Amino acid sequence: MQDKDGEYKEIFVAEALENYSEINRLLTQIEKRPDDLSSVNALFRITHTLKGNAAGMGFTGIAELSHILEDLFAEVRDGKILLDTQQFATLYKAIDVLGNLINAIKDGTEVKYKGIKTKLEVLLKRSKEVSEKATASINRQDDSTISTDTTIDPLTSTNPIDLLAEDADDVIQDEETKVSFSDLVQVPVRKLDNLLNLVGELIIEKDRILASQLGNGLNASNEYARLSRISSDLQYSVMDVRLVQVGFLFNKFHRVVRDAAAIEHKNVVLKLIGTDTEIDRNVLQVISDSLIHLIRNCVGHGIEQADERVANGKPAEGTIWLGARIDTDAVIVEIRDDGKGLDFERIKKKALTQGLIKAEEADKLSQDELSLLIFEPGFSTMDNVNAISGRGVGMDVVKRTMNSIGGIIKIASEPGQGTTVQLTLPSSMAVKSCLLLELSNETYAIPLAYTESVISLYKSNIHKAGGGLVATHLGKNIAIVFLKDVFDQRTERSAIHANLLQSSFDQIHPEEKLDIVVVSFSNRVVGFVVDKLLQQKEIVEKPLVKPVDKIKFISGVTILGSGNVCLVLNVPHLLNFIFSLTANGKVSKNFTLN
Amino acid sequence: MEEKKANNNTDHRMLQIVVFKLGNEEYGLHIDQIKEVVITPVITKMPQTPDYLKGVANIRGNVIAIFDLEERFGLIKNASTESAHKYTLVVESEDVKLGLLVNEVPNTISVNRSDLDESVGIINDTNTESNYIRGIIRSGDRLIILIDIFKVIDQEMTQSTRKTASVAA
């Protein structure tokens, strides 16, 4: 907790200092060109933000001072105050005090600001009097002299006294203008990406050197131990820089929930859990849209109307929990609501009418499989389209996003109790733990996020079933696919035959022992038969380059220690491909890769 | 003054052409499209690609796609496959970088612009839509086919994507 507060404070100070220097810049600009309305507007905005932030953090001094400044700039903006040299002096002084206040957060020194605040208040009040006077003078020219005398007199007579008293204190601190620097640096993400790319290349180069030295004797690995350590430290430092707290994103969802609930006329409250969990900034950016869809979905479909909730013995106000936690290599984001839960019968019915599933398989599908149907494109259980939900877009966006970053979706739903959507996200998109394997003399990598286990089976353990192969492992039946067959399918397009996925199986020796990597994605489990399992390795994945960037089986490439290119398998797509083959009964029936 | 200079340029502009052999024919690329010539690195095969796309390779830290134009153009391969494809010609445009396999180090020649015949009626591949042949260069006894490599690849990739999408349909 302490750390988190400290970090927020640090960020606030950095932002406030930035605001402070911006105010200074704009103010000098206005001094030169008093008619520059856009600068005045900017000043008004900045002081307004500063006020809000400071109030939120509990820095009353800054909040009060920027509040009065905001008011003042509002008057200037509306043309009620014309700033003269003297008033500029006061403003500069006020802003210096503001700067001191901000800096004081760091070292905890006390800064007097009441004096300058009063002075600004006087300025403000006087301008109001003047404008009032102006209006008054139009209305009643005769009385104007008297009224101004009476109102201004007490001001001018009382205020200078306490102003003088406090001014004396202020002067000591304001003697010289200091140039101060923030302890935080703002860096564009683009530069960070670039840095990470370079580190990635360094790692690849390191691997290459290590690999080339390996043959030269036993000392080699010792020699390069330091290089290895430094480069991996560097890598993790850069990755650490890119980590941000999920809270920054999560906090924005209060508004999303509020707006969605307002449209649906529901009472919904959002509770955040684990906001200090850290995740790669790019991952956070990529999933933000998905989270919006999921949360709107909770409000639209999950949470019931207040009267319905009360009738079911639930509090009238629905709750959505948005939580995050670290789970070894991954970050798990959970969206939970206490609404009515998924209506599996309805999903089944809708999926049937929309042709997503066939009648004969409908009854066989488990609840898990049914719940994943809501992520299919075009699927919606809503009969009416409204602003938030019912269009059938949205959930498939979530699925696509998860596919693209190697995330995993799980849904658990309890009728009447609510629904939990669990997203397992990689904590960093830069480095992936992968299993390297050999296939037809090429090296491929499978992200560990998808691999369940590695097994070896004899040919006799594997049986032909339908157009594919199955084997029993640990009491579970899993589909077995020779990865080679899938890849060959493209090259031998003229000779596609019904038992494509069995062709390698037919060719191998009856007593051959097969290495199998069991992968799973969205409830689909497949064992890939590979030629050879190599090793587990952290890789830096690079995107595919033109003109091969459309290839769906491969999600990216990495360069191995040998300097050779290694392809990273796109498991979600491979599984989709395989199941689209088998789902159509015959291999050679129309199917698309997309 | 400037006009004169421009005139001079068009009159005597020499074309710098990089010439390489494919099959028994000589093909040429404009030198602006060439980045470098390297010894062919280890090529990693890509699934879901046409045969003439040999795969991807690491050239100076960049992963680029490697093409075999002999296979693409359907030219008879040299009998000695041992020494074949020893070099890779790296070509680069604004948004794509790729490698072409060649059998020997290409040479560069300067030809007069007037030697380039752009208007020849060439019988195109029946299944290609746009013409990637920019013209024929006559240089002494030699006949060099000047091609626009990015047109070849562009066309091919869009076609093969379409094919992949409707495999066995």
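A residue is taken as buried if 20 or more other C-beta atoms lie within 10 Å of its own, and by this criterion 28% of the 169 residues of chain B count as buried in the predicted model described here. Chain B contains three helices and eleven strands, which follow one another along the sequence in the pattern α-β-β-β-β-β-α-β-β-β-β-β-β-α. When contacts in chain B between residues at least 6 apart in sequence are considered, 54% of them join residues at least 24 apart.

For chain A, the pLDDT averages 76, and 81% of the residues score at least 70. Two stretches of chain A call for caution. Over residues 491-496 of chain A the pLDDT stays under 50, and the model has seven contacts beyond four places in sequence for this stretch. The pLDDT is also below 50 over residues 584-594 of chain A, a stretch for which the model has 23 contacts beyond near neighbours in sequence. Where pLDDT is low, the predicted coordinates should not be read in detail.

Helix H11 of chain A, formed by residues 253-264, can be examined for its length and for the way in which its two sides are placed. At 1.5 Å a residue, its twelve residues should span 16 Å, and the end C-alpha atoms are indeed 16 Å apart, so the expected and modelled lengths agree. Within H11(A), the residues Phe253(A), Val257(A), Ala260(A) and Ala261(A) are buried. These four cover an arc of only 100 degrees around the axis, and they therefore lie on the same side of H11(A). Arg255(A) and Ala262(A), by contrast, are exposed on the other side of H11(A). The elements of chain A that cover the buried residues of H11(A) include helix H10 (247-250), strand E2 (268-273), helix H12 (281-302) and strand E4 (318-327).

Just after H11(A), His265(A) takes a positive phi of about 55 degrees, and this residue is placed in the loop between H11 and E2 of chain A. Most residues other than glycine have a negative phi. With 8 other C-beta atoms within 10 Å, His265(A) is exposed. A positive phi, near 65 degrees, is also found at Asn441(A), again in a residue other than glycine. Asn441(A) is located in the loop between E8 and strand E9 (442-447) of chain A, and with 9 other C-beta atoms within 10 Å this residue is likewise exposed.

The strands on either side of Asn441(A), E8 and E9 of chain A, belong to an open sheet of five strands, whose order is E16-E8-E9-E18-E17 (chain A) and whose pairing is mixed. The edge strands of this sheet are strand E16 (532-540) and strand E17 (554-559) of chain A, each of which pairs on one side only. From one strand to the next, the twist averages 35 degrees. Strands of a sheet pair through backbone hydrogen bonds, either parallel or antiparallel. In the case of strand E8 (residues 431-439) of chain A and E16(A), the pairing is in the antiparallel sense and extends over seven bridges. Along these paired strands, Ser433(A) stands opposite Glu538(A) in E16(A).

Technical notes: Residues numbered from 1 in each chain as written. Chains lettered and ligands numbered in written order. Predicted model: local features only at pLDDT ≥ 70, side-chain atom pairs only at ≥ 80, totals over all residues. Buried ≥ 20, exposed ≤ 12 C-beta atoms within 10 Å, placed from the backbone. Pairing = 2+ DSSP bridges. Axes fitted to C-alpha atoms, helices over the stretch in contact; angles between N-to-C directions. pLDDT = per-residue confidence, 0-100. Expected span 1.5 Å × (residues − 1). Arc of directions from axis to C-beta.
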